[in-house]
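Trainee: I would like to go through the contacts in this model and hear the reasoning behind each label.
Mentor: Then ask about them in turn, and each value will be set against its cut-off.

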Number of protein chains: 2
Amino acid sequence: MKNVADKAGVSISTVSLVMNNHDSGRVKTEIAAKVRKIANELGYRPNPMARSLRTSKTSILGFVAEQISSFPYVAKMLQGAQDAASKLGYVVLFVTSDGSTSQEEQTAALQRYGMDGFLYSQPSSQVTEVPDDLVHYPLVLIATNTVDNRFPIVESSEFDIGYDATKRLIDSGAKRIAYIGNCVPTIAQATRLEGYREMLYKAGIPFDDNLLANVSHNDEALNAVEHLIETQHPDAFFCYDDARAWYVYECAARMGLSVGRDISVIGVGDDKTVSDTFTPKLTTIELPYYEMGYWAVCKLVSLIEKQSEGVMFPKDLIPLPPLDSPIPARIHCRLIENESIVS
Amino acid sequence: MKNVADKAGVSISTVSLVMNNHDSGRVKTEIAAKVRKIANELGYRPNPMARSLRTSKTSILGFVAEQISSFPYVAKMLQGAQDAASKLGYVVLFVTSDGSTSQEEQTAALQRYGMDGFLYSQPSSQVTEVPDDLVHYPLVLIATNTVDNRFPIVESSEFDIGYDATKRLIDSGAKRIAYIGNCVPTIAQATRLEGYREMLYKAGIPFDDNLLANVSHNDEALNAVEHLIETQHPDAFFCYDDARAWYVYECAARMGLSVGRDISVIGVGDDKTVSDTFTPKLTTIELPYYEMGYWAVCKLVSLIEKQSEGVMFPKDLIPLPPLDSPIPARIHCRLIENESIVS
DNA sequence: ATGAAAGCGCTAACAA
DNA sequence: TTGTTAGCGCTTTCAT
């Protein structure tokens, strides 16, 4: 910074003003330009440590998650969070309590670094409390079911998932669409079913609850699916998850039916790689983990920056990036603020 | 810090010395104790930003990985790395280039924060170069196949995996053990096969390459496995990965054989949760991702601290923590330094 | 419109 | 054995 100042023939305070975009109406335009040019040439990068020492703003976001290291999707949420953060000039520190270190220890470590805000995810069907450590920070929840409505929540839009899955099946010619659901009454289970019903209704197909099978796992599930196929002869299946899709595959194989020819199967999955391995020809709707992470960071940063000064977002920030997926995951993602759905 | 100094009636430099454990032979023992006590009471936590501004040591480790967010195991490596790091007073910043942000951008962000060292993982069968950005830092590679022998590598010990898997099958009474391998000649493929052969040899079972099937995927794999079962009648299978194990399941189902009764199956898997869903009754050997992450950090920190001063490790640091797994993953992990296997 | 200077919390060389 | 002091790189108030 001193080098830049010297080379530009100005003082370091001027450089500081320019580099922080606080120069409008304060520094002569041409000088500002010169400073920027020289800073660029010299490859000057502000030292974030020094900056945060002064401002007590670290540009570090904490991402706290529980019970998560055993699932494939963490990486995706993290990825989305990273991407958004990096576009906004932040960095994400990830922490989970799954390992041998307790979450208190871990968040303690985080606290010392002085996060600017936190992402918290507890992707279970249980209603959970937000950890006390976090409530005094700007905070955004991801896929977390809580009664605490103080914080914005980014979650998947299960209704849309059910709706879209059913639509695809109908579009491809299916008439009798079975829903292989989860016997545990999760929010996803109920809401996807609503989406399914709504789409059937729109398509003029009568809802028939003989085509529903809410199953648990293993033999029980296999028997239920087998029975459903035998008695109802569905031509398509919408499955709650990879495991449920797999039961359909297994039964189809046993009964001499071929997926893709005799029946269509669409399912919700955590990870396409996994689905492709065990259930080839399954059309997988991936849960929008990447998008949730991405969006949550966008929201969190807006919270943080509103709280201080109104810094503008880089222009190239795309709230939700386009995806390769034929079913755009972006529509399966929504933000809740104070109990009202914003988007 | 100033508060602590005032309350203890000493100067801040004394406090600094004590807090950094530089007090032996410099500060009177009782004063040191007093300072520590008061610091504790006041809940004093050193500000890492200020510290690193002064020392240009950040206590942040960068974890750079490529092509990784689509796999379940990242989270485990990260977890292991986090646990070790947190025990050693470090924090891990994870970065992958999978998302929309390029790796250069991401590592640039990391560089500015001034990592103390890096973990790098490129878990492909291809031989890769270490990124130029990283070579000037203390660096440890994880599960990465490279010709560059300047850096220590932590990887899974594929020989042991093959050996153990075969041993378990033999111990449970198997006589004709098939190996369902990968037709792509990966290192893991070759080395596990060596372990398999070695164990057979030790058990006095002749090696029979009719019991080998190196397969790719889908129908080709299914046919090959079916053929092997029909012609060789193996009583046990050692499978290269989840997918190969699944082909055995599928064929067994088609041929009326029951896994666990008629045949035993053991397989290497990335993730037990996934295996349990699709291949129940499979004995899964999980790859030691957690351990690799953990151990890599231990090594990296020792590199970093040797380079500066010889700071001691916390006493409660267990190089590799005990696992619940019936097959201890620790034995499947090894460290390579300068082309020679250390441990 | 620009510069001088104080100080964020800490470390380490030097003085006492 | 302990205290004094000079910065680490940056932001920001206050003069100019």
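Trainee: What makes the pair between Arg51(A) and a phosphate oxygen of DNA strand D a polar contact?
Mentor: In this predicted model, an N or O atom in the side chain of Arg51(A) is 2.9 Å from that phosphate oxygen. The cut-off for a pair of N or O atoms is 3.5 Å, so the pair is a polar contact.

Trainee: Which atoms of DNA strand D do the side chains of Arg54(A) and Arg54(B) contact?
Mentor: Base atoms, in both cases. A polar side-chain atom of Arg54(A) lies 2.5 Å from a base oxygen, and one of Arg54(B) lies 2.8 Å from a base nitrogen. Both values are within 3.5 Å, so both pairs are polar contacts.

Trainee: How do you know which part of DNA strand D faces the protein?
Mentor: Of the strand D atoms within 4 Å of the protein, 62% belong to sugar or phosphate, and bases supply the rest. On the protein side, 24 residues are around strand D, and Arg54(A), Ser13(B), Lys28(B), Ile31(B) and Arg54(B) come nearest.

Trainee: Which helices supply at least two residues each of the surface near strand D?
Mentor: They are H2 (12-19) and H4 (48-55) of chain A, with H2 (12-19) and H4 (48-55) of chain B. H4(A) gives the largest share, four residues. By class, the surface has eight nonpolar, ten polar and six charged residues.

Trainee: What does UniProt record for residues 1-55 of chain A?
Mentor: The unreviewed entry places the feature "domain: HTH lacI-type" there. In the model this span is 65% helix and 0% strand, and its end C-alpha atoms lie 17 Å apart.

Trainee: Turning to DNA strand C, why are Ser16(B), Asn20(B) and Tyr44(B) listed as polar contacts?
Mentor: Each side chain has a polar atom paired with a phosphate oxygen of strand C: 2.9 Å for Ser16(B), 3.1 Å for Asn20(B) and 2.7 Å for Tyr44(B). These distances are within 3.5 Å, so the label applies to each pair.

Trainee: What surrounds strand C?
Mentor: There are 24 residues around strand C, the closest being Lys28(A), Ile31(A), Arg54(A), Met1(B) and Arg54(B). Of the strand C atoms within 4 Å of the protein, 60% are sugar or phosphate. H2 and H4 of chain A and H2 and H4 of chain B each supply at least two residues of this surface, with the largest share, four residues, from H4(B).

Trainee: Why is the pair of Arg254(A) and Glu226(A) called a salt bridge?
Mentor: The N to O distance between the side chains is 3.4 Å. The cut-off is 4 Å, so the pair counts as a salt bridge. The pair links distant parts of the chain, 28 residues apart: Arg254(A) is in helix H10 (residues 242-254) and Glu226(A) in helix H9 (residues 218-232). Over all chains the count comes to 18 salt bridges.

Trainee: How do you know that Arg197(B) and Arg192(B) lie over ring faces?
Mentor: Arg197(B) is 3.8 Å from the ring centre of Phe207(B) and lies over its face. Arg192(B) lies over the face of Tyr240(B), at 4.8 Å from the ring centre. Both distances are within the 6 Å limit.

Trainee: Which residues form the aromatic cluster in chain A?
Mentor: Tyr179(A), Tyr196(A), Phe207(A) and Phe238(A) form one cluster. Over all chains, the search finds 16 aromatic pairs.

Note on methods:
Residues numbered from 1 in each chain as written. Chains lettered and ligands numbered in written order. Predicted model: local features only at pLDDT ≥ 70, side-chain atom pairs only at ≥ 80, totals over all residues. Heavy atoms only, no water. Near = heavy atom within 4 Å. Polar contact = N/O pair within 3.5 Å; in protein donor to acceptor, adjacent residues only side chain to side chain. Nonpolar A, V, L, I, M, F, W, Y, C, P; charged D, E, K, R; others polar. Phe/Tyr/Trp six-rings, centres within 6.5 Å; stacked < 30°, edge-to-face > 60°. Lys NZ or Arg CZ within 6 Å of the ring centre and 35° of its normal. UniProt positions renumbered as here; feature names shortened; annotations may be inferred.
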